[in-house]
Amino acid sequence: MTDSSALARPPAGLRWKALIRQREVAILLLILIVGAVASVLSPFFLTWANLSNVLIACSVEMIVAAGLAIVLISGGIDLSVGSIMGVCAIALAIVLDAGAPLWAALSVCLLAGLAFGVANGTLIAYAGLNPLVLTLATMTIGRSVVFILSQGYSFASIPQGFKSAFNATPLFGLPNLVWVSLGVTAALGVLLQRNVWFRRFYFLGGSEVAAIRAGIDTRRLKFMAYVIAALLATLAAIVTTARLGSAFPNTGSGLELRVITAAVIGGCSIYGGKGTILGAALGVLLLNLINNVLVILSLSVYWQGVAAGLILILAILTDIANRRGVRR
Amino acid sequence: MKAWIAALAVAVALPGLAAAQEAEDRSGQRYVMVVPISGHPFWVAIRNGAQDAADQLGVRFEFTGPVEFDNRAQQQQIEQIAVTRPAAFLTGAFDPTMSDTIDRVTEMGIPVVTFDSDAPDSRRISFIGPDHYNIGWEYGRKMVEMLRERGLEEGQIGLLTAVDQTNLQVRIRGLEDYLAQNAPTFEVVATEDNRGDDQVTADRAKAMMTANPDIDGLIVINGTGSGMGTAINELGLAGQVTVLTSDVFDPILCAILDGSVQTTSSVNTYLEGYLALLFAYHYVNGHLDNVPGADVGVNKLPPVVDPGLFFIDASNAEQFLTGSCG
């Protein structure tokens with residue numbers, strides 16, 4: 001007599017191998033290894049105060065990474081998210097500085113982000129422009145807009161109530177901005193895995209021709225990917241401004257490359273069709289954890305780049321090893 | 001002080017000297033300021049000073065530079081703009097390789113005035129800016145003074161800086177020399193790179209304080225002090241750790257007023273921009289050709305002008321606010 005459950009499921013050893021070969025699990029293991037080594041080397045690492053510092057440091061990049069993951073999965077790329085953050089942060093602060101109510105400032109901020117998303121989406125999806133070149137252009141335009149609006153000044157007239165809304169610590173000593181970040185990441189992660197409309201981003205990134213043949217409006221889907229990424233960059237700008245209580249002309253500067261790196265480490269393919277929000281979030285967590293550990297261990301600033309680079313190479317090597325394992 | 005008085009004398013005398021020679025229209029003359037990170041609010045006062053000087057003299061002033069901190073891009077922009085033949089360059093030399101760039105454009109006939117950070121080995125015609133070693137020395141003196149006011153006779157100090165900026169390394173050397181020579185019981189126990197970003201300053205300062213819970217004082221060597229204010233507030237350590245930061249922007253002043261930062265240093269940066277353009281203008285237009293010995297290489301301008309350093313604290317921070325603190 002045959003055991004039907006044994007037929008349905010592979011042996012436990014194979015299940016483990018399959019699990020470990022998932023990119024998210026591999027990155028999670030790497031995070032745990034880095035954490036374990038750090039907690040042996042420093043008594044300060046495994047404290048709630050330090051771990052909450054890491055989560056706070058991750059929060060803004062996680063929000064942006066969720067949007068970029070969708071763009072990458074759909075087969076595109078968006079280099080303008082950092083500049084969009086800058087424009088939205090400065091727009092929010094300038095309107096508040098002028099004495100306008102918070103709702104008006106948030107509306108202007110949202111419209112600014114939406115305008116960039118619509119521009120990116122329209123020019124890429126409907127005019128057929130190359131996303132790398134187009135978003136490089138809107139990145140440059142966005143940063144110029146920041147300087148035009150701010151004239152190089154930074155702004156600090158952010159209402160206390162707005163700052164408190166994001167910095168209050170209602171649960172486990174973590175500020176609301178962490179919960180907002182985790183909530184957005186979790187919600188989009190679930191939608192991308194379970195919702196039919198969001199699943200279409202995978203079809204689009206995997207094969208645009210196949211997606212068209214399947215009756216998917218690929219142009220509209222591409223357009224929406226850039227709009228979602230821009231709106232999440234807008235949210236990141238709001239969170240950053242509330243946390244720092246200020247907006248600077250260099251807000252979000254250089255963020256796009258850090259977040260793309262994190263998303264790719266987390267399993268998003270720059271060729272599209274692959275990746276998850278969870279993977280991108282774990283990539284952000286790994287990069288921030290490395291930064292934190294190097295500071296906690298008081299490693300010389302001149303050596304931190306070497307150490308961080310080596311850990312990133314290790315992350316890439318685990319991915320290559322996993323893929324070879326899958327082919328075998 | 002001597003350099004300061006000399007600069008003032010030159011600044012006062014030069015416009016009068018020039019007045020007699022203003023018949024010629026110089027509205028087409030372009031004076032270009034190139035900085036290594038154009039988006040940072042640090043340049044606002046310098047840019048305003050240069051713009052005011054340009055308006056008074058009736059010449060054109062342009063401000064440019066890479067968006068993110070990039071010494072190499074700054075140098076490339078100078079060399080590219082040189083092809084368009086501006087009257088003079090005004091620039092800060094934050095990297096030793098800037099000397100070569102300055103010498104190359106000088107050979108093309110375009111004089112260079114440096115401000116804020118010098119390239120003393122180059123052929124720049126004058127430098128208007130602080131002695132960064134002295135700034136670091138003053139940071140050490142001020143921090144020790146504040147810690148002693150708290151009743152401490154020994155203490156640990158943490159530093160946040162941008163490691164790729166030579167002028168900031170010079171400040172740190174001055175600070176460490178002050179401590180070694182005058183207050184050896186106070187020591188620097190940690191130094192971290194903040195990449196010139198307030199959010200990075202906040203995150204790394206928190207990690208630094210977690211790993212070094214006995215830190216008594218923190219010094220932000222560059223203009224990201226409001227990020228330090230965020231770190232102090234998030235850790236609930238306002239008033240328990242003494243914080244000294246650099247530069248004067250509203251977010252830093254607001255951090256002083258809310259008690260998370262105790263003091264910030266200020267160089268008179270408006271004067272840096274104003275004098276840099278004024279000096280370049282008079283040099284370019286030959287107003288100083290009668291300086292005795294100028295034809296055999298005697299300096300037509302003071303080689304170094306120090307615009308002075310002062311500290312702002314809660315007692316006077318409001319006077320420097322350009323907006324409000326929300």
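**Exercise 1. Work out how the length of helix 2 of chain B compares with the expected span, then find what covers its buried residues.**

Start with the ends: helix 2 of chain B covers residues 43-57, 15 residues in total. (Helices here are DSSP runs of H or I with at least four residues, strands are E runs of at least two, and both are numbered from the N terminus.) From first C-alpha to last, helix 2 reaches 21 Å, close to the 21 Å expected at 1.5 Å a residue; the expected span is 1.5 Å times one less than the number of residues.

A quick word on the model: it is predicted, so local features need pLDDT of at least 70 and side-chain atom pairs count only at pLDDT 80 or more, while totals for chains, interfaces and linings use all residues. Residues are numbered from 1 along each chain as its sequence is written, and chains are lettered from A and ligands numbered from 1 in the order in which they are written.

Next, pick out the buried positions. Among them are Trp43(B), Ile46(B), Arg47(B), Gly49(B) and Leu57(B). (Buried means 20 or more other C-beta atoms within 10 Å of the residue's own, exposed means 12 or fewer, partly exposed is in between, and C-beta atoms are placed from the backbone.) Their cover includes strand 1 (30-34), strand 2 (60-64), strand 3 (88-91), strand 4 (112-115) and helix 10 (269-284) of chain B.

Last, look just past the helix: Gly58(B) follows, with a positive phi near 75 degrees.

**Exercise 2. Trace the open sheet of chain B and say which strands stand at its edges.**

Put the six strands in order: 2-1-3-4-5-11, with parallel pairing. (Strands pair if DSSP finds at least two bridges between them.) Strand 2 and strand 11 (304-305) each have a single partner strand, so one side of each lacks a neighbour in the sheet.

Now zoom in on one pair. Strand 4 and strand 5 (residues 126-128) of chain B run parallel over three bridges, and Val113(B) has Ser126(B) as its bridge partner in strand 5.

**Exercise 3. Describe the unit built from strand 6, helix 6 and strand 7 of chain B.**

First the strands: strand 6 (residues 155-161) and strand 7 of chain B pair in the parallel sense over seven bridges. Thr161(B) is bridged to Asp193(B) in strand 7.

Then add helix 6 (residues 166-182): together the three elements make a right-handed β-α-β unit. (Right-handed means that, with the strands pointing away from the viewer, the path from the first strand over the helix to the second runs clockwise.)

**Exercise 4. Dissect the side of chain B that touches chain A, then place Met208(B).**

Count first: the contact takes 34 residues from chain B and 36 from chain A. (Contact means C-beta atoms, placed from the backbone, within 7 Å.) Helix 7 (198-211) is among the elements of chain B that each supply at least two residues to this side, and its nine residues are the largest share.

Now Met208(B), which sits in helix 7 of chain B. It counts as buried because it has 22 C-beta neighbours inside 10 Å. Leaving aside neighbours within four places in sequence, Met208(B) is in contact with Val295(A), Gly158(B), Ala190(B) and Glu192(B).

Notes
Contact = placed C-beta atoms within 7 Å.
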